[in-house]
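Biologist: Could you walk me through this structure feature by feature? I am new to it and would like to learn how to read it.

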Amino acid sequence: MSKSGRERAQERIARMRAEEARRRRRRLWLAAAGAVVVVIAAAVGITLALTGGSSGNGLPLAALSTLGNLQPAPAAGPAGPEGIPIPAGAALAGTSTAATGQAVDGISCQTAEQTVFHIHAHLTVFVNGSARQIPAAIGIPGAQATQTAQGPFIESGTCFYWLHTHAPDGIIHIESPVQRTYTLGNFFDEWGQTLSSDQVGPVKGHVVAIYNGQVYTGNPRDIPLTAHAQIQLQIGTPLVAPEQVTNWNGL
């Protein structure tokens, strides 16, 4: 008996979680082998923090306190098919502007997903204190959705860009045949939407960017899509405290 689309989607999500578990075990082994390096890096980070310098990775970051009083992040929405909450607000923008197969910023669209370099980051956007969704199917032209108990999941398409979304939960999948640094600007270029210090998608105004709990003071296009990065972009007031993904659910 052939499997239904829903069963295929559930199996695919399970495979992604199993693969991430294998990578996690390997990371733990590497962390143990490089314990001395970690201790040195921690010492450098503490020194920089005490002297008010940038973080150890050289990113232009400032303390969250520089933003003043922040409104508490809203309650998380219902979990989507990837186990990550989906914001209750409307989409920031649709996908009609997204790339349809041509290379973007040196990023190709291939018939199968690439797993040589496979990580995930999370993006949240607030406009005047209200959350906006990052739609599914960015980076997946000809997207085909499968219904799951938690909502639609983009299982297939004509091709997959190395940066893409399967659900409107803000999870950006970085699945590349080469290990390199991808940025939020690359993702917005694939989406066909503007990202700058004074515009996010169709919304214009001063952009406040938060990266892993700190204020990113550079151009938001340059924010790196690192493993489990938590990125928040805001335009307007009130400013909202950074949301936290506490359970990546195997991603």
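Biologist: How many nonpolar, polar and charged residues are in the lining of the largest pocket?

Modeller: Before we begin, keep in mind that this is a predicted model. As for your question, 11 residues of that lining are nonpolar, eight are polar and two are charged. The lining has 21 residues, and the space in this largest pocket comes to about 330 Å³.

Biologist: Which of the lining residues lie nearest the centre of the largest pocket?

Modeller: Look for Ala-75, Ala-76, Gly-77, Pro-85 and Glu-243.

Biologist: Now for enclosed space. How many cavities of 30 Å³ or more does a search of the whole structure find?

Modeller: A cavity is a space from which the probe cannot get out, whereas a pocket is open. Here the search finds one cavity of 30 Å³ or more. The largest cavity holds about 70 Å³ of space.

Biologist: Which elements give two or more residues to the lining of the largest cavity?

Modeller: Those elements are β3 and β15, and β15 provides the largest share, with three residues. Among the lining residues are His-122, Thr-124, Gln-230, Ile-231 and Gln-232. Glu-243 belongs to this lining too, and we met Glu-243 a moment ago as one of the residues nearest the centre of the largest pocket. By class, the cavity lining has four nonpolar residues, seven polar and one charged.

Biologist: What about the nonpolar core: which residues have the most contacts inside the largest one?

Modeller: The general idea is that in soluble globular proteins, nonpolar side chains tend to be buried together. In this model, the largest nonpolar core contains 40 residues, and Leu-123, Leu-184, Phe-187, Leu-225 and Leu-233 have the most contacts inside it. At least two residues of this core come from each of β3 (117-127), β9 (171-176), α3 (184-191), β13 (207-211) and β15 (230-235). Strand β3 gives the largest share of the core, six residues.

Biologist: Which residues does Phe-187 touch, leaving out those up to four places away in sequence?

Modeller: Phe-187 touches Leu-123, Ile-134, Ile-138, Leu-163, Thr-165, Ile-172 and Leu-225. Two of these, Leu-123 and Leu-225, were also on the list of residues with the most contacts inside the core.

Biologist: Last, the sheet. In what order do the three strands of the open sheet lie?

Modeller: To read a sheet, follow which strand pairs with which. Here the order is β10-β11-β12, with antiparallel pairing. Strands β10 (195-196) and β12 (203-204) are the edges, each pairing on one side only. Two bridges join β11 (residues 199-200) to β12, and Gln-199 stands opposite Lys-204 in β12.

Key:
Residues are numbered from 1 along each chain as its sequence is written. This is a predicted model: local features need pLDDT of at least 70, side-chain atom pairs count only at pLDDT 80 or more; totals for chains, interfaces and linings use all residues. Side-chain values use heavy atoms; hydrogens and water are left out. On a 1 Å grid over the protein atoms alone, a cavity is a set of points where a 1.4 Å probe fits but cannot get out, and a pocket is an open set with protein on both sides within 12 Å along at least five of seven lines; lining residues have an atom within 4 Å of a point. Grid points are joined across faces, edges and corners, and a volume is the space filled by probe spheres set on the points. Ala, Val, Leu, Ile, Met, Phe, Trp, Tyr, Cys and Pro count as nonpolar, Asp, Glu, Lys and Arg as charged, and the others, Gly among them, as polar. A nonpolar core is a set of buried Ala, Val, Leu, Ile, Met, Phe, Trp, Tyr and Cys residues joined through side-chain atoms within 4.5 Å. Buried means under 20% relative accessible area, exposed over 50%, partly exposed in between (1.4 Å probe, protein chains only). Helices (H or I, at least four residues) and strands (E, at least two) are DSSP runs, numbered from the N terminus. Contact means heavy atoms within 4.5 Å. Two strands pair if DSSP finds at least two bridges between them.
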